[in-house]
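Visitor: Got a minute to walk me through this one? I'd like to start with how the strands pair up.

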Amino acid sequence: MDGKNRNDIKAGQTVDIVLKNDQHSGKLTRGIVKDILTNSRTHPHGIKVRLKDGQVGRVKQIIQ
């Protein structure tokens with residue numbers, strides 16, 4: 001699943017995000033969701049989340 005729908009993402013899930021500094025390279029960072037930062041139901045570039053380690057980025061893939 002991609003990370004464009006807020007309802008698909010829950011705290012505690014493992015996700016791949018793209019950090020702001022990695023947007024041009026597309027490098028993904030894997031982590032566990034701590035907080036969902038995007039308020040709208042959807043976002044075309046991915047829902048913004050904070051990982052448990054404090055990194056913030058947009059969800060590109062939800063790991064099942």
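**Strand pairing and overall build**

Guide: Sure. Let's start with one pair: I17 has V59 in β4 as its bridge partner. Keep in mind that this is a predicted model.

Visitor: OK, how many bridges join β1 to β4, and which way do they run?

Guide: There are 5 bridges between β1 and β4, the latter covering residues 56–62, and the two strands run antiparallel.

Visitor: And β1 with β2, how many bridges there?

Guide: Here 5 bridges link β1, residues 14–19, to β2, residues 28–36, and the pair is antiparallel. One residue to click on is V18, whose bridge partner in β2 is L28.

Visitor: Where does β3 sit in the sequence, and how is it joined to β2?

Guide: β3 spans residues 48–51 and is joined to β2 by 3 bridges, running antiparallel. Look at V33 for that pairing: its bridge partner in β3 is L51.

Visitor: How many bridges join β3 to β4?

Guide: That pair has 3 bridges and runs antiparallel. For a residue to look at, R50 has V56 as its bridge partner in β4.

Visitor: What about the hairpin of β3 and β4, which residue there takes a positive phi?

Guide: G54, with a phi near 95°. The hairpin has 4 residues between its strands.

Visitor: Let me zoom out. How many helices and strands does the chain come to?

Guide: It comes to 0 helices and 4 strands. Reading from the N terminus, the order of elements is β-β-β-β.

Visitor: What's the radius of gyration like against a compact globule?

Guide: The chain has 10 Å, and a compact globule with 64 residues would be near 11 Å, so the two agree. As for the box, the C-alpha atoms fill roughly 25 × 25 × 20 Å along the principal axes.

Visitor: And what share of the residues is buried?

Guide: Buried residues are 33% of the 64 in the chain.

Visitor: What about contacts between residues 24 or more positions apart?

Guide: Those account for 47% of the contacts with a separation of 6 or more.

Visitor: Switching to the surface: how much area does the chain expose, and what do carbon and sulfur supply?

Guide: About 4200 Å² is exposed, with carbon and sulfur atoms supplying 45% of it.

Visitor: Last one, charges. How many positive and negative side chains, and how far apart are the centres of the two sets?

Guide: The chain carries 13 positive side chains and 6 negative ones. The centres of those two sets are 5 Å apart.

Conventions: Residues are numbered from 1 along each chain as its sequence is written. This is a predicted model: local features need pLDDT of at least 70, side-chain atom pairs count only at pLDDT 80 or more; totals for chains, interfaces and linings use all residues. Side-chain values use heavy atoms; hydrogens and water are left out. Two strands pair if DSSP finds at least two bridges between them. The radius of gyration is taken over C-alpha atoms; the globule rule is 2.2 Å times the number of residues to the power 0.38. Buried means under 20% relative accessible area, exposed over 50%, partly exposed in between (1.4 Å probe, protein chains only). Contact means heavy atoms within 4.5 Å. Accessible areas come from the Shrake-Rupley method with a 1.4 Å probe; for residues, only the protein chains shown count as cover. Lys and Arg count as positive and Asp and Glu as negative; His and the chain ends are not counted. The place of a charge is taken as NZ of Lys, CZ of Arg, CG of Asp or CD of Glu.
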